[in-house]
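Colleague: I'd like to go through this model one contact at a time. Please give the reasoning along with each answer.

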Amino acid sequence: MDLKSNTSPVVTDPAPVTQSRLGIHSALMPYSPAGPTFSPTLFLSIPRKKPGILDDVRSNTWLDAMKSSSPTHRKKSKDSSAEQAPNENDLAYRIWMLKYPSALSSFEQITNYAKGKRIALFLDYDGTLSPIVDDPDQAFMSSAMRAAVRNVAKYLPTAIISGRSRDKVYDFVGLAELYYAGSHGMDIMSHVRSISDDYSCIRSTDKQGKEVNLFQPASEFLPMIDEVFRSLVELTKDITGGKVENNKFCVSVHYRNVDEKSWSTIGESVDELLKHYPRLRLTHGRKVLEVRPVLNWDKGKAVEFLLESLGLNKCDDVLPIYIGDDRTDEDAFKVLREGNKGYGILVSSIPKESSAFYSLRDPSEVMEFLKCLVSWKKSSACSN
Ligand SMILES: O=P(O)(O)OC[C@H]1O[C@H](O[C@H]2O[C@H](CO)[C@@H](O)[C@H](O)[C@H]2O)[C@H](O)[C@@H](O)[C@@H]1O
């Protein structure tokens, strides 16, 4: 099957892969960590072409854009949760995996490369640690997953980077030993330690009363985001199944439970409203429209910030690994790939274009991978 043809089941990610893949796998790749290219001015200097336009989707109509970001998933057989016997889609997935090999079957390759290095682990939440469910308020992670994350965090510095508000994702995960970045990285709580003057942080305390640094580059947008949140709730109140979620520095408009016939209505309502807010932009997630500040800040920048605040940036012996499933995670994959810094692992059960190096099929494979990391750390501690 030609994965490049129009009939290809590959979902082309709207965010273009700007750097060609290296072809060979990174165990063989030259490793040249680069420092963060942080610009003191965070505001995107390129004005949006048209207010309200979808920044990350090459599409003409709302419906096309929303459909392209909501690919059909592999069907499960009626009488069991097992997936159907191999079909054309499975073949496409296997071909796709030649480009994005399983991080589980490539585990030895990853750890060979990680020998003598300190792994820093970055995890997305929805679709990575918890399965995608219809109700965003019910996206709980399993206790087995929580235990796996708790365990891995004993051995590796571990951060959660989510589109959710930081408080909400903390409530879902419930582990004080991790670092948290909410609102797609626009709200980061980290160690109190000396950090580059480029990042202006404020001192605060965490839930345990410990002193921490808060980095909130979009703080001035707070009143605007609140206002837009309220307007969106009002605008969508008659659309059955629509849900608007306040993620503090960004707003999610969910259409997972909206009849497809009303998708364009929901899209056009958001677009119409945003014409009055040229400093806000829209991006797409999994059956969700994300309203966020026009700011040069994303999950990739959040990874760089966290590495710096953990004292792990510009270190030859640090290997960051980022695991995520969504378009917003591509920014982090790109940062790791472009600086030859580390590995992105895409969680997907369907073929998707990505800047990640490896893949995992679903959250259960993510849990397996975390357990493998723990076993590997334990055995390498014994052999030292
Ligand atoms: O960065 P993430 O942690 O992956 O957050 C991205 C968005 O995740 C949530 O929405 C997604 O998951 C929901 C629960 O499974 C699902 O119902 C929804 O359709 C998905 O888009 C969250 O609710 C959003 O606010 C986050 O932006």
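Colleague: Which residue forms a salt bridge with R118?

Modeller: Bear in mind that this is a predicted model: local features need pLDDT of at least 70, side-chain atom pairs count only at pLDDT 80 or more, and totals for chains, interfaces and linings use all residues. Residues are numbered from 1 along each chain as its sequence is written, and side-chain values use heavy atoms, with hydrogens and water left out. A salt bridge here is a side-chain nitrogen of Lys or Arg within 4 Å of a carboxyl oxygen of Asp or Glu. The closest N and O atoms of this pair are 3.1 Å apart, and the partner of R118 is D317.

Colleague: How many residues apart are R118 and D317?

Modeller: R118 sits in strand β1 (residues 118–123), while D317 is in the loop between α8 (299–309) and β11 (318–324). Those names come from DSSP runs numbered from the N terminus, with helices being H or I of at least four residues and strands E of at least two. So the pair links distant parts of the chain, and the separation is 199 residues.

Colleague: Does D317 count as buried, partly exposed or exposed?

Modeller: The cut-offs are under 20% relative accessible area for buried, over 50% for exposed and in between for partly exposed, with a 1.4 Å probe and protein chains only. Its partner R118 is at 40% and falls in the middle class. D317 has 30% relative accessibility, so it too is partly exposed.

Colleague: Which side chain meets D137 in a salt bridge?

Modeller: The N to O distance in this pair is 2.9 Å, and the partner is K243. Again the pair links distant parts of the chain: D137 lies in the loop between β1 and α4 (143–155), and 106 residues away in strand β7 is K243.

Colleague: Which residues do salt bridges that share partners join into one network?

Modeller: Take the D137 pair as the way in: D137 is partly exposed at 30%, and K243 is partly exposed with a relative accessible area of 28%. Through shared partners, the one network takes in D126, D137, R164, K168, K243 and E245.

Colleague: How many salt bridges does the count come to?

Modeller: One more of them joins the side chains of D206 and K210, at 4.0 Å from N to O. D206 is buried there, with a relative accessible area of 14%. By the same rule, the count comes to 19.

Colleague: On to the helices. Why do the buried residues of α6 line one face?

Modeller: Helix α6 has 15 residues (222–236), and its buried ones are I225, V228, L232 and T236. An α-helix has 3.6 residues a turn, so residues three or four places apart point the same way. Taking directions from the helix axis to the C-beta atoms, the buried residues of α6 line one face because they fall within an arc of 65°.

Colleague: Which exposed residues are on the face of α6 turned away from its buried side?

Modeller: The buried side packs against β7 (243–246), β8 (251–254), α7, β9 (280–285) and β10 (288–293), with contact meaning heavy atoms within 4.5 Å. The face turned away from it carries P223 and R230.

Colleague: How far apart are the end C-alpha atoms of α7?

Modeller: The expected span is 1.5 Å times one less than the number of residues. For the twelve residues of α7 (263–274) that gives 16 Å, which agrees with the end C-alpha distance of 17 Å.

Colleague: What kind of aromatic pair do F107 and F369 make?

Modeller: Rings of Phe, Tyr and Trp (its six-membered ring) pair if their centres lie within 6.5 Å, and planes under 30 degrees apart count as stacked, over 60 as edge-to-face and the rest as tilted. The count comes to 13 aromatic pairs. In this one the centres are 5.6 Å apart and the planes are at 80°, so the pair is edge-to-face.

Colleague: Which cysteine has the sulfur closest to that of C250?

Modeller: A disulfide needs two cysteine sulfur atoms within 2.5 Å, and the count by this rule is zero. C250 itself is buried, at 0% relative accessibility. Its sulfur is 19 Å from the closest cysteine sulfur, too far for a bond, and that sulfur belongs to C201.
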